[in-house]
Amino acid sequence: IAFLNQLVQEAKKYKAIDGKLKEALAEGGKGVRELRIVEMYGTKVEYGLMTDPMRYELLRSWPEKLLESPEKLKTVLQSFGKTDDSAAAFKGLVELLFQATEMVIQIQGITSYVLDKPDQYIQQYAEEWYLIDQHYRRAIKGLNDLDTSAIPEFIDYDGLKKDVNQVYEKHIDQLNRQWLSCLNHFNFDYSKVSAPKQFDFYQAEVAGYDQKAVVIISDALRYEVGRELLKELYKDSKNTAESKYKLASIPSKTSVGMAQLLP
C-alpha cells in the first residue's frame with residue numbers, strides 16, 4: 001500500500017504519466033464492485049482510494065442531515081479532500097454542501113438575536129454574521145449551477161435546497177425583527193447610533209485628499225461580497241487594502257445614496 005501510494009504521488013508530478021496511470025487503474029478496476037466494498041466495510045473507515053460511486057455512497061444519507069448534524073457532515077466533506085480525480089458534478093455537490101454546512105453551523109451558534117444597542121448589531125454583523133450571507137450565496141449558486149442529471153437520484157436535491165432556504169429565511173426574519181425592535185427603542189434616531197454614517201462619506205474619506213482620488217460606486221453591492229473582494233485584493237502584494245462600513249440612510253435607494261456619497 002505504501003509503495004502504491006508513493007507511485008500515485010510521484011505520477012501526479014507528470015501530467016502524461018498521471019493520465020496513463022489513471023487509465024490503467026480504471027481498466028484494472030472494472031471488475032471491482034466498489035459499492036460492495038462500502039457495504040462490507042461501512043462509511044466510517046478511511047479508504048486509500050475512492051471512486052465517485054463510492055463517494056456518493058458515503059454521502060447517501062448526509063444531505064438530509066444538514067440541519068441535524070452539520071458538524072458531522074462537515075467532517076465527512078473534509079474527508080474527501082480536494083477530490084482532484086472526481087467529476088465536476090461531485091465536486092460541485094461537495095462544495096455547495098460545505099457552504100450550506102458552514103451557514104447552518106454559524107446560525108446554530110447564535111445564542112440570542114437580542115442585543116442592547118444598534119451599534120452592537122452593526123458590529124456583530126460586520127465581524128461575524130456577514131459570513132452567514134456569504135455562505136448562503138455560495139450554497140445557492142452551487143445549487144443553481146449543479147448538473148442534477150449527473151448526480152444519483154438518491155441525493156435529495158430539492159429537499160436540500162428547501163432546507164437551505166428555510167434555515168436562512170428563519171435567521172433573516174429573527175435578526176430583522178430584533179434589529180427593528182432595537183431601533184424602535186431608540187426612536188429610529190440615527191444620531192444615537194455611533195457607527196459612521198453614509199452622509200459623512202465625502203468629508204471623511206474624500207475631501208481631505210490633496211491629490212486626485214477615484215471613487216467607484218457599485219450599486220447594491222452586498223457587504224459580504226465587499227469582504228470577499230477584499231480577500232482578492234490581498235492576493236496582490238502591491239495592494240494596500242482595508243475594509244470599513246457606513247450606515248446607509250433611509251430610504252436606502254440609489255438616488256438617495258449616490259447624492260449623499262458625492263454631494
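Here is a short chat about a predicted model of a protein chain.

Trainee: What is the mean pLDDT of the protein chain, and which element has the highest?

Mentor: Let's start with the whole chain: 98% of its residues reach a pLDDT of 70 or more, and the mean is 89. Going element by element, α4 has the lowest mean, 82. The highest mean, 96, belongs to helix α7 (residues 118-145).

Trainee: Which residues of helix α5 are buried, and why are they on the same side?

Mentor: Helix α5 spans residues 70-79, and its buried residues are P70, L73, K74, V76 and L77. An α-helix has 3.6 residues a turn, so residues three or four places apart point the same way. In α5 the buried ones sit on the same side because they cover an arc of only 160° around the axis.

Trainee: What does that buried side pack against, and which exposed residues does the face turned away from it carry?

Mentor: Take the buried residues of α5: they pack against α4 (52-59) and α6 (88-108). Now go round to the face turned away from them, and you'll find the exposed residues K72, T75 and S79.

Trainee: Is Q99 buried or exposed?

Mentor: You'll find Q99 in helix α6. Its relative accessible area is 5%, and the cut-off for buried is under 20%. So Q99 is buried.

Trainee: Which side chain is joined to that of Q99 by a polar contact, and at what distance?

Mentor: First, leave aside the neighbours within four places in sequence: Q99 is then in contact with H135, R138 and A139. The polar contact you're asking about joins the side chain of Q99 to that of E95, at 2.7 Å.

How values were computed
Residues numbered from 1 in each chain as written. Predicted model: local features only at pLDDT ≥ 70, side-chain atom pairs only at ≥ 80, totals over all residues. Heavy atoms only, no water. Buried < 20%, exposed > 50% of the residue type's maximum accessible area, 1.4 Å probe, protein only. Helix = DSSP H or I, 4+ residues; strand = E, 2+ residues; numbered from the N terminus. Arc of directions from axis to C-beta. Contact = heavy atoms within 4.5 Å. pLDDT = per-residue confidence, 0-100. Polar contact = N/O pair within 3.5 Å; in protein donor to acceptor, adjacent residues only side chain to side chain.
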